[in-house]
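Could you walk me through this model in my viewer, one selection at a time? I would like to know what to pick next and what I will find there.

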Amino acid sequence: MIEIKNLHKSYKMGSNSLHVLKGINFSVEEGELVAIMGSSGSGKSTLLNILGMLDELDDGSYDLDGVPIKDLNETKAANYRNKFLGFVFQSFNLINYKSAMENVALPLYYQRVARKERQEKALKYLEQVGLREWAEHLPSELSGGQKQRVAIARAMAAEPKVLLADEPTGALDSKTSYEVMDLIQKINDQGNTILIVTHEPDIADMCKRIVHLKDGVIIEDKKIEQVRAAQYVQ
Amino acid sequence: MFDIERWQEIFDTIRKNKLRTALTGLSVSSGIFILVILLGFGQGMQNGIAEEFKEDAATSLWVWPNRTTIEYNGLNPGRRIQLRNENFETITTSMGADFEKASMLYFPRDVKVVYNNDLLVYNVAGTNGDLQTIENEYLSEGRFINETDVQQNAKVVVISNKIKREVFSEVETPIGEYLTISGAGFRIVGVFGEHGEDEGEEERMFVPITTAQLTFNGADKINNMNFMLPELESFDEMVANNTAFTEQLSRYLKQKHNVSPDDDRAIRIWNPIQEAKRFFSLMDGIKLFFWVVGFFTIIAGVVSVSNIMLIVVKERTREIGIRKALGAKPWSIIGMIMHEAIFVTSISGFAGLIFSMGLLELVGPHVEVDYILNPSVDFNVAFSTVILLIIAGTLAGFFPAWKAVKVQVIEALRDE
């Protein structure tokens, strides 16, 4: 699904150049649940930016579902993002003046899905994350865990090929974190490919594979025995 | 523009951001409102001043001769110019000029006015009937000099209120009494008064011009000529007409009396409308002032609209990032923000326009203050101002929106 070869990325900071990613080789199969770990400054955010087509790579290649991601203009990148990728963020990033349902329906608006169909689909995904009856509520009326579940529903609504989660449990307590991870595992069980950036080992252990980044290179890439989050959730 | 989904999205946004929308709308409509009211009262002041001076702006002009000051055709300067009947007749009959009234005055010298053996010290002037209108004199009793008097050299005299008061206080009416002027008896036929002038102007009595010239050895001499031009629709036309007539008059008289064309002091023509014109230039100044104030009001409006758009876009940076992560194309985001901005500024701008113009329409005609009359505003000016504000607001929103769209999504969304 994801094929990255010899990826380099550096940022210019004044006269100095900061080499952030120093030759990453990395591939993800369909249906995998991968945790990307590393301390801050290890380059995991940059990698996620590039994976999310929000930044361009300097050198190397990146194929997503067989499509080379290269020299994209803004419009094309937007199209690919909409078609291939779903994002989940640490701080949820729901639009605060839109209801849960409208938030979930938003990516469909950019897919030019008709209003009625958008609402039906949005409700379907809210149902999946267990928030059907919260559809008309504003984000401010939801708890952190509920917000993140709405965000996950929104990421899933566009039916992306890959779900990119940037510290999805970073702002949640552990109980709620496990609930969210339980949801993510269930989505993964349905065959969706998911990448999670995290620095929490217990969250990483709930994935099927852990990739360790340090100073811009992968120092460890191992498949693990998945810990099911369901056992922590009553 | 006609994308229904886009409109729904915009209406959703507006409905759910009532305060933001209301503030933007309020600043735009109050800007327009203030501007229109300001321009309206500028116009009202102009109308008011025009009205005040229209009453005073007599369309008359006065001609009197003097001494020449420039040597011309071998004639020395200092020569006294004497107007004659012939001049007046040429002007009134063959110059084809457009005037309504024309009168001439002859001031005989060394005349003695006697009543009941008392010597009176008043001036005597010969004139014709038109003078009454030109000098704006009213009749208290009897009648003024008329054409028949002039044709028949009638020995009649019209006295002023002041003379009546000072000399004829003992008789019931001076009409029918006789004055002896340089030995000839003149019957009093009327009493006149001057409008608004102090009584110094009422030191005169009038006799028919022909009688004056015959009786007091005036021959065909005249001292003054007065003309009244028609009132025209616009002041500018009146000024133009007046100036044209003045020039025609001056050219003829100078030629006739061998006066240098450059010698404006030899034959004086006094033109009150030129005085009025000076007030109108003052008014142009006032108008300019209002425009300058109006201009800065527009600038202030533009700045405040721009400011609000900047804040609105800044506030929405995060939302822009989210939309971008969800696959919104840059132009669709910019388009949406612009679309909303144009919609809000247009609606509120035109609301302000309609409200202020409605107020001017309603209140304007009832304003009764000196120097302010019927404040109103040129619709086109106000309309263009609204358009200008909309464009300014749009441009002001565009650049920050463009910048916001270029921001790195992950960074924008991660920082709380």
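Helices and strands on this tour are DSSP runs, with at least four residues for a helix and at least two for a strand, numbered from the N terminus. Keep in mind as you click around that this is a predicted model.

**Stop 1: a loop in chain A.** Select A:Glu159, in the loop that links helix H5 (144-157) to strand E7 (162-166) of chain A. Its phi is positive, near 50°, although the residue is not glycine. Is A:Glu159 buried or exposed? It is partly exposed, because 14 other C-beta atoms lie within 10 Å, and the partly exposed class sits between 12 or fewer for exposed and 20 or more for buried.

**Stop 2: back along the chain to H5.** Now show H5(A) together with helix H3 (residues 100-109) of chain A: their axes come within 7 Å and cross at roughly 25°. That angle is under 35 degrees, so H3(A) and H5(A) are roughly parallel to each other. The crossing is right-handed. To see the contact, display side chains on H3(A), including A:Val104 and A:Leu108, and on H5(A), including A:Val150 and A:Arg154. Sorted by class, this contact holds nine nonpolar residues, one polar and one charged.

**Stop 3: the sheet.** From the other end of the first loop, follow E7(A) into an open sheet of six strands, ordered E6-E7-E8-E3-E9-E10 in chain A, with mixed pairing. Which strands stand at the edges? They are strand E6 (85-88) and strand E10 (217-223) of chain A; each has a single partner strand, so one side of each has no neighbour in the sheet. From one strand to the next, the twist averages 15°. Zoom in on E6(A) and E7(A), which pair in the parallel sense over four bridges. Pick A:Phe87, and you will find A:Leu164 as its bridge partner in E7(A).

**Stop 4: where the chains meet.** Colour by chain: 25 residues of chain A are in contact with 19 residues of chain B. On the chain A side, helix H1 (44-51), helix H2 (74-84) and H3 each supply at least two residues. H2(A) gives the most, with five residues. By class, this side of chain A has twelve nonpolar, eight polar and five charged residues.

**Last stop: a loop in chain B.** Finish at B:Asn258, in the loop between helix H8 (235-256) and strand E14 (267-270) of chain B. Here phi is about 55°, a positive value in a residue that is not a glycine. B:Asn258 counts as partly exposed because it has 14 C-beta neighbours inside 10 Å.

Methods: Residues numbered from 1 in each chain as written. Chains lettered and ligands numbered in written order. Predicted model: local features only at pLDDT ≥ 70, side-chain atom pairs only at ≥ 80, totals over all residues. Axes fitted to C-alpha atoms, helices over the stretch in contact; angles between N-to-C directions. Parallel < 35°, antiparallel > 145°, perpendicular 65-115°, else oblique. Left-handed = near helix turned anticlockwise from the far one by under 90°. Contact = placed C-beta atoms within 7 Å. Nonpolar A, V, L, I, M, F, W, Y, C, P; charged D, E, K, R; others polar. Pairing = 2+ DSSP bridges.
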